[in-house]
Amino acid sequence: MRIKISKLKSNVSNPRIIKEQKFKKLVQSIKDFPEMLELRPIVVDEEMVILGGNMRFRACIEAGLQEVPIKIAKDLTEEQK
């Protein structure tokens with residue numbers, strides 16, 4: 001499933017942050033090989049809050065993508081999210 005990137009919401013409790021150099025490499029990787037996003041979609045909950053792939057989400061925005069592949073993880077507890 002693909003969705004407009006503007007519909008996704010960052011997870012404010014996301015603990016992962018990568019250094020600027022690695023972030024730039026991630027952005028370039030997405031530009032060079034966007035098909036990888038299909039193999040590793042951004043995982044969201046029913047409200048479109050990102051559960052997995054926050055840095056890829058930010059890199060996709062930086063790369064100028066308008067749509068991204070997602071996988072909706074349903075029926076998770078708050079602890080699992």
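What follows is a conversation about a predicted model, with questions on why its parts are labelled as they are.

Visitor: Let's start with the helices. Why is α1 called roughly perpendicular to α3?

Guide: Helix α1 covers residues 20-32 and helix α3 covers residues 54-63, and the two pack at an angle of about 65° with their axes 9 Å apart. Angles of 65 to 115 degrees count as roughly perpendicular, so α1 is roughly perpendicular to α3. As for the hand, the crossing of α1 and α3 is right-handed.

Visitor: Which residues make that contact?

Guide: From α1 you have Phe23, Leu26, Val27, Ile30 and Lys31. From α3 come Met55, Arg56, Arg58, Ala59, Cys60, Glu62 and Ala63.

Visitor: And what is the contact of α1 with α3 like by class?

Guide: Eight residues are nonpolar, four are charged and none is polar.

Visitor: Staying with α3, what makes Asn54 a buried residue?

Guide: Asn54 sits in helix α3. Buried means under 20% relative accessible area, and Asn54 is at 9%, so Asn54 counts as buried. Setting aside residues up to four places away in sequence, Asn54 touches Ser10, Asn11 and Asn14.

Visitor: Which other residues of α3 are buried?

Guide: Besides Asn54, the list has Met55, Arg56, Phe57, Ala59 and Cys60. The buried residues of α3 pack against α1, α2 (36-39), β2, β3 (50-52) and β4.

Visitor: Ile61 isn't on that list. Why is Ile61 called partly exposed?

Guide: Ile61 does lie in helix α3. Partly exposed is the band between under 20% and over 50%, and with a relative accessible area of 47%, Ile61 is therefore partly exposed. Its C-alpha is 8.8 Å from that of Val27, with the two positions 34 residues apart in sequence.

Visitor: What comes after α3?

Guide: Gly64 follows α3, and its phi is positive, near 85°.

Visitor: Where else is phi positive, in a residue other than glycine?

Guide: Met48 is one of them, with phi near 70°. Met48 lies in the loop between β2 and β3. Asp75 is another, with phi near 60°, and Asp75 lies in the segment after β4.

Visitor: How do you know whether Met48 is buried or exposed?

Guide: Its relative accessible area is 15%, and the cut-off for buried is under 20%, so Met48 is buried.

Visitor: And Asp75, buried or exposed?

Guide: Asp75 is at 72% relative accessibility, and exposed means over 50%, so Asp75 counts as exposed. Glu79 is found in the segment after β4 too. At 77% relative accessibility, Glu79 also passes the 50% mark and therefore counts as exposed. The C-alpha atoms of Glu79 and Pro41 are 21 Å apart in space, with the two residues 38 apart in sequence.

Visitor: Back to the inside, then. Which residues touch the most other members of the largest nonpolar core?

Guide: That core has 18 residues, and Leu8, Ile42, Val44, Val68 and Ile70 touch the most other members. The elements giving two or more residues to this core are α1, β2 (42-44), α3 and β4 (67-72). The largest share, four residues, comes from α3.

Visitor: What is Ile70 in contact with?

Guide: Leaving out neighbours within four places in sequence, Ile70 is in contact with Met1, Ile3, Leu8, Pro41, Ile42, Val44 and Met48. That list includes Met48, the residue with positive phi in the loop between β2 and β3.

Visitor: Now some loops. What makes Ile18 buried?

Guide: Ile18 lies in the loop between β1 (2-4) and α1. Its relative accessible area is 17%, under the 20% limit, so Ile18 is buried. Neighbours within four places aside, Ile18 is in contact with Phe23, Leu26 and Met55. Ile18 and Met55 are 37 residues apart in sequence but 7.6 Å apart in space, C-alpha to C-alpha.

Visitor: Last one: why is Pro34 called partly exposed?

Guide: Pro34 is found in the loop between α1 and α2. At 33% relative accessibility, Pro34 is neither under 20% nor over 50%, so Pro34 counts as partly exposed. The C-alpha atoms of Pro34 and Val68 are separated by 9.4 Å, while the residues are 34 apart along the chain.

Terms used:
Residues are numbered from 1 along each chain as its sequence is written. This is a predicted model: local features need pLDDT of at least 70, side-chain atom pairs count only at pLDDT 80 or more; totals for chains, interfaces and linings use all residues. Side-chain values use heavy atoms; hydrogens and water are left out. Axes are lines fitted to C-alpha atoms, for helices over the stretch in contact, and angles run from 0 to 180 degrees between N-to-C directions. Angles under 35 degrees count as roughly parallel, over 145 as roughly antiparallel, 65 to 115 as roughly perpendicular and the rest as oblique. A crossing is left-handed if the near helix is turned anticlockwise from the far one by less than a right angle, and right-handed if clockwise. Contact means heavy atoms within 4.5 Å. Ala, Val, Leu, Ile, Met, Phe, Trp, Tyr, Cys and Pro count as nonpolar, Asp, Glu, Lys and Arg as charged, and the others, Gly among them, as polar. Buried means under 20% relative accessible area, exposed over 50%, partly exposed in between (1.4 Å probe, protein chains only). A nonpolar core is a set of buried Ala, Val, Leu, Ile, Met, Phe, Trp, Tyr and Cys residues joined through side-chain atoms within 4.5 Å.
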